[in-house]
Amino acid sequence: MGITLYLGCKFVDIVKLSLGAKEFIEINARTVAVKISTGEPGGHNFLQPALIQDLVKALNGTIVECNTAYGGRRSSSEEHWKAIEEHGFKAIAPCDIMDEEGDMAIPVTGGKHLKENYVGT
């Protein structure tokens, strides 16, 4: 299996080439959740909005995240929204903190390490 390099292409064009026009149009007809890390305040370990903007817009995407389980500014929705805005994500697409209004447990049948998983409501 070889590797295909797309030199001089925007990321969104690579996705179109990979999916094919028909599949890309089908995806574009609905909203797609784009799960990324919006990054810790003051940090740089996140994709820059300018890098993903064209792809998110082409997918009619909404950037989704959850509050962190560890301490820090992204552990509360209020502070998390500030980080999302400071890092420029609200400027490129709608954003949603999936567990902003609470969470619920979903049973994990036959799980080796987990008996339930928590998801935003």
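**Exercise 1. Cysteines.** Find how many disulfides the structure holds, and say whether Cys-66 and Cys-95 are buried or exposed.

*Solution.* Step 1: apply the cut-off, a pair of cysteine sulfur atoms within 2.5 Å; the structure holds 0 disulfides. Step 2: sort by relative accessible area, where buried is under 20%, exposed is over 50% and partly exposed lies in between (1.4 Å probe, protein chains only). Cys-95 has 16% and counts as buried, while Cys-66, with 34%, is partly exposed.

Before going on, a word on the ground rules. This is a predicted model, in which local features need pLDDT of at least 70 and side-chain atom pairs count only at pLDDT 80 or more, while totals for chains, interfaces and linings use all residues. Residues are numbered from 1 along each chain as its sequence is written, and side-chain values use heavy atoms, with hydrogens and water left out.

**Exercise 2. Confidence.** Work out what the mean pLDDT of the protein is and over which residues pLDDT stays under 50.

*Solution.* Step 1: recall that pLDDT is the predictor's confidence in each residue, from 0 to 100. Step 2: the mean for the protein is 80, with 75% of its residues at 70 or more. Step 3: residues 3-9 stay under 50, and the model gives them 3 contacts beyond four places in sequence; contact here means heavy atoms within 4.5 Å.

**Exercise 3. Elements and core.** List the order of the elements, then state which residues make up the largest nonpolar core.

*Solution.* Step 1: helices (H or I, at least four residues) and strands (E, at least two) are DSSP runs, numbered from the N terminus. The protein has 4 helices and 5 strands, in the order α-α-β-α-β-α-β-β-β from the N terminus. Step 2: a nonpolar core is a set of buried Ala, Val, Leu, Ile, Met, Phe, Trp, Tyr and Cys residues joined through side-chain atoms within 4.5 Å. The largest one has 12 residues: Val-34, Ile-36, Phe-46, Ile-52, Val-56, Ile-63, Ile-84, Phe-89, Ile-92, Ala-93, Cys-95 and Ile-97. Helix H3 (49-58) and strand S3 (95-97) are the elements that give two or more residues to this core.

**Exercise 4. Around His-80.** Identify the side chains of Thr-38 and Asn-67 that take part in polar contacts, and with which partners.

*Solution.* Step 1: a polar contact is a pair of N or O atoms within 3.5 Å; within protein, one must be able to donate a hydrogen and the other to accept it, and residues adjacent in sequence count only if both atoms are side-chain atoms. Step 2: Thr-38, in the loop between strand S1 (32-35) and H3, is buried at 0% relative accessibility. Its side chain pairs with that of Glu-65 at 2.4 Å and with that of His-80 at 3.4 Å. Step 3: Asn-67 sits in the loop between strand S2 (61-65) and helix H4 (77-86) and is buried at 15%. The side chains of Asn-67 and His-80 are joined at 2.9 Å. Step 4: leaving out residues up to four places away in sequence, Ile-97 touches Glu-65, Asn-67 and His-80, among others.

**Exercise 5. A backbone angle.** Explain what stands out about the phi of Asn-60.

*Solution.* Step 1: most residues other than glycine have a negative phi. Step 2: Asn-60 is not a glycine, yet its phi is positive, about 55°. Step 3: place Asn-60 in the loop between H3 and S2, where at 38% relative accessibility Asn-60 counts as partly exposed.
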